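Biologist: Please show me the model, and then we can go through the ligands and a piece of the sheet.

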Amino acid sequence: MKLSILISASEAVPFAKSGGLADVIGSLPKYLKKMGHDVRVVIPRYYEIDKEQWGLRLLPGVLVIPMGILGEKYAAVYEGRMPDTDVPIYFIEHEGYYGRNGLYGEDNIAFPDNDQRFIFLSKATLELCKMINFKPDIVHANDWHTALIPFFMDTTYKNDSYAGKVASLLTIHNMEYQGNFRLSTMDIIDTGWEHFNFLEIEKHDWVNFLKAGVYHATILSTVSEGYAKEIQTPEYGWGLEGVLQERADDLYGILNGVDYSKWSPEADTLITSKYSVDDLSGKALCKKDIQRIAGLPERKEVPLIGMVGRLVKQKGIDIFAAALPKLLELDIQIVMLGEGEPWAHFYFGGMAAKHPQKFFCQIGYDNTLAHKIEAGADFFLMPSAFEPCGLNQMYSMRYGTLPIVRATGGLDDSVENFDEEKGTGTGFKFWDLTPGALFDTVGWAVYTWYNKKSAIKGLIKNAMNKRFTWEDAAKKYEQLYLKGVKYRREV
Ligand code: ADP
Ligand code: GLC
């Protein structure tokens with residue numbers, strides 16, 4: 001069955017990205033399209049998205065968005081194409097909401113009108129259907145930013161000729177961010193105060209966008225099977241474990257895929273030398289390259305550990321910070337790239353200045369450097385406190401850069417622990433979220449590197465041959481869409 005699918009999100013590669021959500025929205029639609037579905041994508045037209053660069057076309061007319069007590073507001077819509085495909089992508093433009101630097105905030109502080117910005121996006125997504133005359137079979141919302149879409153589809157848009165009685169899927173990429181706002185937000189949402197109850201949108205007297213989506217979406221998913229189970233527990237549910245347990249029968253886990261056209265050592269145009277599982281000589285050159293960039297001694301034999309990511313607590317940077325002084329006593333090198341919490345910038349920046357022979361840290365966002373680290377490092381460390389899916393460990397495997405991960409969520413699902421006896425595995429895992437467990441496991445990897453060369457060779461081979469394809473993931477999404485459409489017909 002050919003489906004009409006409308007995907008709404010707050011970011012998409014290559015137009016706007018803060019993390020893995022953008023990678024997913026940049027890839028999934030292409031594969032759905034290849035399967036024959038009519039898929040369309042909606043994101044905001046942030047200030048940084050250059051209309052000329054992407055050849056965007058202004059559609060005739062405007063969207064009129066009812067914003068409750070604020071009255072009506074207007075959106076212009078630009079149409080473009082997802083690169084290398086004919087998948088249409090629609091950009092919602094509103095100068096007041098998106099005509100500024102940053103996606104969600106500036107200097108680590110969230111914009112104070114984020115409630116309005118994403119209520120607007122959610123309503124605009126539904127209004128857009130009329131404008132482009134597109135009647136979806138399913139609307140696919142992602143994270144708290146668009147989690148109100150299923151809620152609006154059940155309320156304000158219940159009898160809408162385009163969005164009414166249509167199935168919805170809400171994919172949760174991260175439980176920590178839920179979109180919590182003051183009560184006054186209810187008057188902008190404008191669906192009536194009867195929805196402000198503990199089942200639907202209220203959480204501890206706050207308006208909670210994600211909860212409304214969890215309650216109202218026809219079907220729910222998250223980005224790994226492990227995380228789908230974890231979020232039903234108090235440790236990982238961030239207070240929504242109860243509502244998620246209620247909906248356990250409709251909650252699925254689908255591991256993200258990797259865009260191997262960008263992230264593989266045979267195809268990567270950003271690294272200094274290409275290589276493959278049959279000929280790793282280029283990897284040695286990539287290691288030399290990253291050592292040169294980082295100003296580290298160009299030693300072939302020393303194990304080099306890479307880290308790339310948001311420097312926030314989710315990523316386990318606090319336990320890494322605590323373990324770092326001891327780690328730097330080992331004969332290793334560490335190259336870190338990331339940005340996030342201010343304390344982390346000071347701490348890691350300071351440690352790099354103190355240990356220039358062993359530790360390099362670049363604060364900021366740098367896609368080219370991220371690729372170079374993936375290719376040039378020997379190990380890749382992800383000590384996450386929680387990780388819904390995680391992409392870097394999957395990229396790392398493809399580059400023969402062995403992941404050292406905390407066994408949680410998608411990290412646990414995608415990395416197979418080294419088994420010394422059988423010689424199987426694709427990386428190294430630890431379970432306790434402690435500096436000690438992190439240190440011991442890095443120690444294990446480093447010991448193996450220095451003393452069991454052939455085991456490392458075997459692991460590299462296993463890791464490089466492992467695949468997490470979007471073809472597989474897209475097939476699973478298709479099944480969920482069909483399930484959603486069927487449920488919706490039955491009620
Ligand atoms: P999350 O979405 O939680 O940040 P993921 O592992 O799913 O984590 O995805 C992170 C993505 O963002 C990866 O593609 C990674 O390479 C990229 N990334 C994160 N931080 C940086 C950075 N400082 N510079 C370049 N790329 C980064
Ligand atoms: C989130 C998660 C990350 C996941 C990404 C894409 O940002 O933190 O684990 O890979 O979404 O689904």
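Modeller: Let me fix one term before anything else: a residue counts as near a molecule or strand if one of its heavy atoms lies within 4 Å of it. This is a predicted model, in which local features need pLDDT of at least 70 and side-chain atom pairs count only at pLDDT 80 or more, while totals for chains, interfaces and linings use all residues. Residues are numbered from 1 along each chain as its sequence is written, chains are lettered from A and ligands numbered from 1 in the order in which they are written, and side-chain values use heavy atoms, with hydrogens and water left out.

Biologist: Fine. Which residues come nearest to ligand 2?

Modeller: There are 13 residues around ligand 2, and those that come nearest are His 173, Asn 256, Gln 314, Glu 387 and Gly 390. By class, its shell holds five nonpolar, six polar and two charged residues, where Ala, Val, Leu, Ile, Met, Phe, Trp, Tyr, Cys and Pro count as nonpolar, Asp, Glu, Lys and Arg as charged, and the others, Gly among them, as polar.

Biologist: And what polar atoms lie by the oxygen atoms of ligand 2?

Modeller: Taking a polar contact as a pair of N or O atoms within 3.5 Å (within protein, one must be able to donate a hydrogen and the other to accept it, and residues adjacent in sequence count only if both atoms are side-chain atoms), a polar side-chain atom of His 173 lies 2.7 Å from an oxygen atom of ligand 2. From the backbone, an N or O atom of Cys 389 is 3.0 Å from an oxygen atom of this ligand, and a polar atom of Gly 390 is 2.8 Å from one. The protein buries 93% of the 310 Å² that ligand 2 exposes when taken alone (areas by the Shrake-Rupley method with a 1.4 Å probe; for residues, only the protein chains shown count as cover).

Biologist: Now ligand 1. Which residues come nearest to it?

Modeller: Of the 21 residues around ligand 1, Gly 20, Arg 310, Lys 315, Gly 364 and Leu 391 come nearest. A side-chain N or O atom of Lys 315 is 2.8 Å from an oxygen atom of ligand 1, a polar side-chain atom of Asp 23 lies 3.1 Å from an oxygen atom, and a backbone N or O atom of Asp 366 lies 3.0 Å from a nitrogen atom of the ligand.

Biologist: Which strand gives the largest share of that shell?

Modeller: Strand E16 (304-311), with three residues; helices (H or I, at least four residues) and strands (E, at least two) are DSSP runs, numbered from the N terminus. The shell divides into six nonpolar, nine polar and six charged residues.

Biologist: Changing topic: is Ser 221 buried or exposed?

Modeller: Ser 221 is buried, at 0% relative accessible area (buried is under 20%, exposed over 50%, partly exposed in between, with a 1.4 Å probe and protein chains only). Ser 221 lies in strand E14 (residues 219-222), and its contacts (heavy atoms within 4.5 Å), leaving aside neighbours within four places in sequence, include Leu 169, Ile 172, Tyr 252 and Tyr 477.

Biologist: What does E14 pair with?

Modeller: Two strands pair if DSSP finds at least two bridges between them; strand E10 (residues 167-172) and E14 pair in the parallel sense over four bridges, and E14 pairs with strand E15 (residues 251-253), also parallel, over three. Ile 172 stands opposite Thr 222 in E14, while Ser 221 stands opposite Tyr 252 in E15.
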